[in-house]
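The exercises below are meant to be worked through with the sequence and the coordinates open side by side. Each task is followed by a solution that proceeds step by step.

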Amino acid sequence: MSFIPIYADKLKISHVIPMLFFGMLLYLFKAPLPWPDPLWNFQSAKIITEIIVIISLMVAGLKVGTRFTFKHWKIPFRLVSVTMLLSMVSVYLIAFYWLNLNGAVSLLLASVLAPTDPVLASELQLENHQNINKEKETSLRFALTGEAGINDGLAFPFVYVAILWSQSSHFQNLDFVKILSYYFMYKIIVGILIGGCLGLLISYILSKHTKHQQKQITNGFLALALTFFSYGLAELASSYGFLSVFATGVALQYFERHAHTKPKSSLLNFIESTEKLTSLLWIIFFGGAIVSGILSYTDWKGILFSLVFVLLVRPLTGMLALLKTKLQWKKRLAISFFGIKGIGSFFYLSFAIINGHFKGYESLFGIVSYTVLFSIIIHGMFSIRAVAYFNKKM
């Protein structure tokens, strides 16, 4: 993993692509690993993907920090509100009327494919803490980092609606007041408040120590410990842990920003390395799952849907969200195109199947796998080139 990104960069492709094929080879050579056959146990898959996603959300939060104004956040908010919702509506309609999936499963597919993955999109996201005067990365990289951080949690309410629908005889029988007040408002607001307050508290405590003491405290384990602590607190309060972790990472630099001190890179370096290790292990196992037959769960309709979603649905809905922004059309196109799908989708799918009573959900494994595979290959072929192109234009 230390060498592959260097050579992948020379080839202008994402390092995820060679690791995917490496996983396929390991499976074919019968490496003694706990391969999915072609699926993991749902509970195991949920826990593994859950850990990877929350670590990645902390990385995204630390990179974003509090140096961006509301003006900068408008683009991620547009992507989360307009693009995510339009994508979900599009996926639901296609799944229900063309793939002939029932209502609950169609909504689950729409929810599962809603978030932009913070893990596999790392090469397109912010590279480091953003310095106060470093305003260059407020478009492509910031937009995708901010979007991934927010919508990985905001997709959760829709997953819960799909679960509740699967447990009910009719959609009309759902308690919509509870859904709106508890699943959409309480869980979102409390999750953000817990994460934000925790981040501010730790940031304030750190600011009261000397620089030498801060160096000792801000070792890599602090970020990893805060990731699980923030997530655990939010889950204990029955709120959304994903939003809490991202908010903790963002708020963790608040007092650091106002003190104008040097960003504590050791926090980020350790947890970013942890993210790479865990995500690359998942990619290797995903390669094995592909060879062992996970793609066989769907037919040509599912394959075509996955291609349409990656190449048309996400780009078009992204462009609609960015219509009235001041961004150049090339940046709008790049931001809209790179809505990478990945590990988060498999977490939501496993979580929903464990907690719901879905009928006819099996094809979702094939559809989601094809979508993630297409996303890895197509986005991975162009992501490095896109970043290099916009860096030259700066």
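**Exercise 1. Locate N100 in this predicted model and describe its backbone and its exposure.**

Solution. N100 is placed in the loop that runs between α4 (70–97) and α5 (103–112). Its phi is positive, at about 60 degrees, although N100 is not a glycine. As background, most residues other than glycine have a negative phi. The last step is the classification by accessibility: the relative accessibility of N100 is 59%, and exposed means over 50%, so N100 counts as exposed.

**Exercise 2. Examine the loop between α2 and α3 at K30 and P38, and report what the backbone does there.**

Solution. Begin with K30, which lies in the loop between α2 and α3 and has a positive phi of about 55 degrees without being a glycine. With a relative accessibility of 72%, K30 counts as exposed. Then turn to P38, which lies in the loop between α2 (16–28) and α3; the peptide bond leading from D37 to P38 is cis, its omega being near -10 degrees. For context, most peptide bonds are trans.

**Exercise 3. Is E147 buried or exposed, and which side chain forms a polar contact with the side chain of E147?**

Solution. E147 is found in helix α6, which covers residues 140–154. The relative accessible area of E147 is 1%, and buried means under 20%, so E147 is buried. The side chains of E147 and R314 are joined by a polar contact of 2.6 Å. Leaving aside residues up to four places away in sequence, E147 touches P76, L79, V80, T116, D152 and R314.

**Exercise 4. Characterise the surroundings of F42.**

Solution. F42 belongs to helix α3 (residues 42–64), and at 24% relative accessibility F42 counts as partly exposed. Once residues up to four places away in sequence are set aside, F42 touches S350, I353, I354, Y361 and F365. As for A237, the C-alpha atoms of F42 and A237 are 24 Å apart in space, with the two positions 195 residues apart in sequence numbering.

**Exercise 5. Why can the protein be called as compact as a globular protein of its length?**

Solution. The protein has 17 helices and 0 strands. Its radius of gyration is 20 Å, close to the 21 Å that the globule rule gives for 394 residues, and therefore the protein is as compact as a globular protein of that length. Buried residues make up 58% of the 394 residues. Among contacts between residues at least 6 apart in sequence, 83% join residues at least 24 apart.

Definitions and conventions
Residues are numbered from 1 along each chain as its sequence is written. This is a predicted model: local features need pLDDT of at least 70, side-chain atom pairs count only at pLDDT 80 or more; totals for chains, interfaces and linings use all residues. Side-chain values use heavy atoms; hydrogens and water are left out. Helices (H or I, at least four residues) and strands (E, at least two) are DSSP runs, numbered from the N terminus. The radius of gyration is taken over C-alpha atoms; the globule rule is 2.2 Å times the number of residues to the power 0.38. Buried means under 20% relative accessible area, exposed over 50%, partly exposed in between (1.4 Å probe, protein chains only). Contact means heavy atoms within 4.5 Å. A polar contact is a pair of N or O atoms within 3.5 Å; within protein, one must be able to donate a hydrogen and the other to accept it, and residues adjacent in sequence count only if both atoms are side-chain atoms.
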